[in-house]
Amino acid sequence: MKIDRHGKAKVLTPEEIGRLFTSGLTTVRDRTLGAVMLYTACRVSECVTLKIQDVYDSRSKVRPELNIRKGSTKGKLSTRTIPVLDELRHHLELYKPKVSRDSYLFPGRWGRGHLHEDYAALIFRRGCKLVDIEGASTHSCRRTALTLMSNARIPLRVIQQISGHRSLEQLQEYLDVEASQVRGAIAALSMLTPPSVSSKKNDLVDENHTELFTEF
């Protein structure tokens, strides 16, 4: 459930991510599921439809890049290739995907098909509930990753290449604005203060200083 967020999933803090991955997501599979979404900024539907060969090579080694197939993307726009960070590699090396008939990274019940995205969402919500994180969903991983990249001043065109959004306008809907950024933006307006106002302030200080000096 999203609380007072106008339908937008919560952007997670580093402290919340730490709690989620240590105490909320309790199995290797669930932590790997969360890590893939967080460290690739992919949608939950893209995550659960990954094939084993999209992530591991023929020797079962983690590939340097992860492939999100065109057919799994929203709108089926194009295949995306995402570099695998060491943090994600750690989870993928611990995870031993079961070879199923359809070779999905996260197979469904009895090895048929892939893990349903609604069940993946349920796993994530349960994990958040265990560590008292409110307003979060699987979309929080995507929003957190994209917002972090934006705050690091990565060009929006580059972020769009990673996120797979059709347009920059759609991408910007995902990005969260921190309170400190708003305060900094408002503080920048101090440059609009007319010089005459600043001079009057300085004159007032000088007058007060002179009066105090005269009394002595």
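In the predicted model, the side chains of Lys10 and Glu16 meet in a salt bridge, with N and O lying 3.3 Å apart. Both partners are withdrawn from the surface, since Lys10 has a relative accessibility of 17% and therefore counts as buried, while Glu16, with a relative accessible area of 11%, is likewise buried. The cut-off that underlies these two assignments is a relative accessible area under 20%. This pair is one of 6 salt bridges found when the whole structure is searched.

Two further salt bridges centre on Glu46. The side chain of Glu46 meets that of Arg43 at an N to O distance of 2.7 Å, and both of these residues are buried. Glu46 also forms a salt bridge with Arg80, for which the closest N and O atoms are 2.9 Å apart. Because Glu46 belongs to helix H3 (residues 44-48) whereas Arg80 belongs to strand E2 (residues 80-83), the pair ties together parts that are 34 residues apart in sequence. Arg80, like Glu46, is buried. Through the partner that these salt bridges share, Arg43, Glu46 and Arg80 are joined into one network.

A separate arrangement is seen in helix H5 (residues 86-94), whose buried residues are Leu88, His91 and Leu92. Viewed down the axis of H5, these buried residues fall within an arc of 100°, so they line one face of the helix. The spacing can be read against the geometry of an α-helix, which has 3.6 residues a turn, so that residues three or four places apart point the same way. On the other side of H5, by contrast, Asp86 and Leu94 are exposed. The buried residues of H5 pack against three helices, namely H1 (14-24), H2 (28-40) and H4 (52-55). Glu16, described above as buried and as the salt-bridge partner of Lys10, has a residue number that falls within the range of H1.

Aromatic rings were examined both for pairing with one another and for charged groups placed over their faces. The structure holds 1 aromatic pair. With respect to charged groups, Lys51 lies over the face of Tyr104, at 5.0 Å from the ring centre. In a second case, the charged end of Arg109 sits over the ring of Trp110, at a distance of 5.4 Å from the centre of that ring.

Key. Residues are numbered from 1 along each chain as its sequence is written. This is a predicted model: local features need pLDDT of at least 70, side-chain atom pairs count only at pLDDT 80 or more; totals for chains, interfaces and linings use all residues. Side-chain values use heavy atoms; hydrogens and water are left out. A salt bridge is a side-chain nitrogen of Lys or Arg within 4 Å of a carboxyl oxygen of Asp or Glu. Buried means under 20% relative accessible area, exposed over 50%, partly exposed in between (1.4 Å probe, protein chains only). Helices (H or I, at least four residues) and strands (E, at least two) are DSSP runs, numbered from the N terminus. The arc is that of the directions from the helix axis to the C-beta atoms. Contact means heavy atoms within 4.5 Å. Rings of Phe, Tyr and Trp (its six-membered ring) pair if their centres lie within 6.5 Å; planes under 30 degrees apart count as stacked, over 60 as edge-to-face and the rest as tilted. A charge sits over a ring if NZ of Lys or CZ of Arg is within 6 Å of the ring centre and within 35 degrees of the ring normal.
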